[in-house]
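Hello,

Here is the structure I said I would pass on. Please look at it first, then read the notes below it.

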Amino acid sequence: MGNAYLWTKTFHIVLIASWFAGLFYLPRIFVNLADEKNPEVQARLLGMANRLFRFMTILAVPAVLLGLALWLYFKIGSGEVWMHAKMFFVLLVIGYHHACWGLLKKFRNGVNTHSGVWYRWFNEAPVLLLLIVTALVVIKP
């Protein structure tokens, strides 16, 4: 497969790791936003959340595109059950990212309806998704 495959895989892994760092941290900011009463601190946290979400999205797009290149161009996992399962869970990750955007919009509009405890539980989803996707890629059941 050569160098193109190795570079594609390398950048895919780095971008996925970076994207997930944001997916782990953004809901922690939401926890603080939900619990914070000081408007100045809320404004600072909201600014942090906005910048992080924008950066996460910039990382997510090439991460997904490189993953598609590995699958469609380099034929990694083509026709294999584990890859179809992985793609399902990747769609869930993208859905989670989208859900974060919706929650961020609610914070921007001052209409958050969830507690800090709810966000703590919400924050566990990307951990489970990363574990499942990694297990599918490594174990290939």
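**Notes on the pocket and the helix contacts**

The lining of the largest pocket is made up of 21 nonpolar, four polar and four charged residues. Keep in mind that this is a predicted model.

That pocket has a volume of about 640 Å³. Its lining has 29 residues, and those closest to the centre are His12, Ile13, Lys86, Val133 and Val137. Four elements each give two or more residues to the lining: α1, α2 (39-72), α3 and α5 (125-139). The biggest share comes from α1, which gives eight residues.

As for the fold, the protein has five helices and zero strands. Along the sequence the pattern reads α-α-α-α-α. The C-alpha trace spans about 55 × 25 × 20 Å along its principal axes.

Since α1 gives the most to the pocket lining, I looked at two of its contacts with other helices.

**α1 with α3**

How do these two helices pack, and at what angle? Helix α1 covers residues 2-35 and helix α3 covers residues 81-108; the angle is about 35 degrees and the axes are 11 Å apart. Their crossing is left-handed. On the α1 side, the residues in the contact are His12, Trp19, Phe20, Leu23, Leu26, Pro27, Phe30, Leu33 and Ala34. On the α3 side they are Lys86, Val93, Ile94, Tyr96, His97, Cys100, Leu103, Leu104 and Phe107. By class, this contact has 15 nonpolar residues, two polar and one charged.

Two of these names also came up with the pocket: His12 and Lys86 take part in the contact of α1 with α3, and both are among the lining residues closest to the pocket centre.

**α1 with α5**

Here the helices pack at an angle of about 150 degrees, and their axes are 9 Å apart. Because angles over 145 degrees count as roughly antiparallel, α1 is roughly antiparallel to α5.

Which residues of α1 and α5 meet? From α1 they are Phe20, Leu23 and Phe24, and from α5 they are Pro126, Val127 and Leu130. This contact has six nonpolar residues, with no polar and no charged ones. Phe20 and Leu23 of α1 meet residues of α5, and they are also listed in the contact of α1 with α3.

When you open the model, start with α1, then find His12 and Ile13, which are among the residues closest to the pocket centre.

Regards

Conventions
Residues numbered from 1 in each chain as written. Predicted model: local features only at pLDDT ≥ 70, side-chain atom pairs only at ≥ 80, totals over all residues. Heavy atoms only, no water. Axes fitted to C-alpha atoms, helices over the stretch in contact; angles between N-to-C directions. Left-handed = near helix turned anticlockwise from the far one by under 90°. Contact = heavy atoms within 4.5 Å. Nonpolar A, V, L, I, M, F, W, Y, C, P; charged D, E, K, R; others polar. 1 Å grid on protein atoms, 1.4 Å probe; cavity = no way out; pocket = protein on both sides within 12 Å on 5 of 7 lines; lining within 4 Å. Points joined across faces, edges and corners; volume = space filled by probe spheres on them. Parallel < 35°, antiparallel > 145°, perpendicular 65-115°, else oblique.
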